[in-house]
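Biologist: Could you take me through one part of this protein in close detail, and say which conventions and cut-offs stand behind each statement?

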Amino acid sequence: MLFSRRASGNSAVPIRHTEIIIENVRVFSGRHRIPIKPLTFVTGENSSGKSTLIAMISAMYDYESYPLQPRFNAPPFNLGGYDTIATVLEDTQEPAKSFSIGFYKEGGERGTTISVVATYNEKLGNPDFRKLTIDYDDVQYQIEAFDSEDNVFEGHITVRKGKVEIGSDFNFPRIFGDARRIRLDEIAYHIFRDNEDIIRAKRDDSDYRWIFERIYDLGYFSVPGRALSIAPIRTKPERIYGHAEAEYRPAGDHIPFTLSRLFSQGSAWEEKRAVISALNTFGEESGMFEGFKVHKLGKHASDPFQLTVTIDGNDRNLVDVGYGVSQALPIVVQSVLTADSRLLLLQQPEVHLHPKAQAALGSFFSRLVSDGTREIIVETHSDYIIDRVRQEVARGNIDPDLIQIIFMHKDSSGARAHNIDLDRNGNIVNAPPYYREFFLREEMNLLTRSSEELGPTE
């Protein structure tokens, strides 16, 4: 996981400082280091880089593909090819020769620091892995690609500590399995083999010993977790559900069938209780519904079923109530079910929700994160969600050190990420002047549109 976990009861433990590194990706011209915490909000104007940042985090937090073959177009994201990912340089109006994504962490039980940055060039119109740089404490590993075909990856690894530098050429299959991760302890074998004379001559040199200890200490290189993404527009409700969608879908197509499984006999009680509790609490706080039920239309698990919500004491089919209910379900259910080894990426969870329901999401996110079992990044335009989280901080329900607000702003030089924190009273700290202006402008635009629609008043 990215962050040190907090024990139940909100007893504080050290939180690792974590940053996302992104360079020459779309509006992110040059290198940017963006801090994230267990509950991070990414907000700001349209086309300021919010969705790009979320998409790059999704691509990077996938140990099956990053860093060698990141999936930049895995749903719900569609970043296109190299020319649509790399920053178009102002002076040449051409895409940058390379772009990079990675992360930086410091802290933890051993107090170590690690920085991982993967760089990609263009090949046949697509991003192609070119270099991986890992700085682990004071030792640097640099893996450079000489050439890469469909099944073979050839390269060179260089290890440095101060003025000491050794290296070796290597190749390995670039196919499914461990080959899609870079295993430094296996690569270390090549370094030992190819530099045996040097190692024997330098066996008493502390820098050489430190290098090889760090190689084995690092072992596998892999991303610090996995991510699940929920799309900004979720699936439409159906009156009757039949064919099962067991596979995870960013639009939440699988959620009705997940609920049917949870509400059936023999399901895991702890999991079921957590989902029911979350739905009931959110339904009450949002004012959207009082309860939730699954109605089977047969005796077998594979038979069709209906989803109903209780409103004013009456059970109503999901199709016959406000559209916001069906849009909120994937967010609430998947947030509860997401394992604590995964990062949850939410895009505009406020879509189709009225202000009271948006505020209820703020309380919901605060509860999930405060016990140390969830890590969530939320892209949002909703002041109601953020303000409710601020209230939860002021009430002492969540530690402000767990919360980060990233305000994205675009100027003539590209995207700028402003880091905004909260104090113990929920007050906003270090906000740029245009942060509040952004939300006030949004509110004024809404009021202006409403006045125009209503027409003149006497």
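Modeller: I will begin with helix α1, residues 50-60, which is mostly covered, since 10 of its 11 residues are buried, where buried means under 20% relative accessible area, exposed over 50% and partly exposed in between, with a 1.4 Å probe and protein chains only. Those buried residues of α1 are Lys-50, Thr-52, Leu-53, Ile-54, Ala-55, Met-56, Ile-57, Ser-58, Ala-59 and Met-60. The model is a predicted one, in which local features need pLDDT of at least 70 and side-chain atom pairs count only at pLDDT 80 or more, while totals for chains, interfaces and linings use all residues. Residues are numbered from 1 along each chain as its sequence is written, and side-chain values use heavy atoms, with hydrogens and water left out. Helices (H or I, at least four residues) and strands (E, at least two) are DSSP runs, numbered from the N terminus.

The part to look at closely is strand β3, residues 39-44: 6 of its 6 residues are buried, so the strand is largely enclosed by the rest of the structure. In a regular strand the side chains alternate between the two faces of the sheet. In β3, Leu-39, Phe-41 and Thr-43 point one way, whereas Thr-40, Val-42 and Gly-44 point the other way, and all are buried.

Two strands count as paired if DSSP finds at least two bridges between them, and β3 has such a pairing with β17, residues 375-379, in the parallel sense over 4 bridges. A further parallel pairing, over 6 bridges, joins β3 to β18, residues 403-411. Val-42 takes part in both pairings, for this residue stands opposite Glu-379 in β17 and has Ile-406 as its bridge partner in β18.

As for the surroundings, the protein has 11 helices and 20 strands, and 49% of its 458 residues count as buried. Among contacts in the protein with a separation of 6 or more, 58% are accounted for by residues 24 or more positions apart, a contact being heavy atoms within 4.5 Å.
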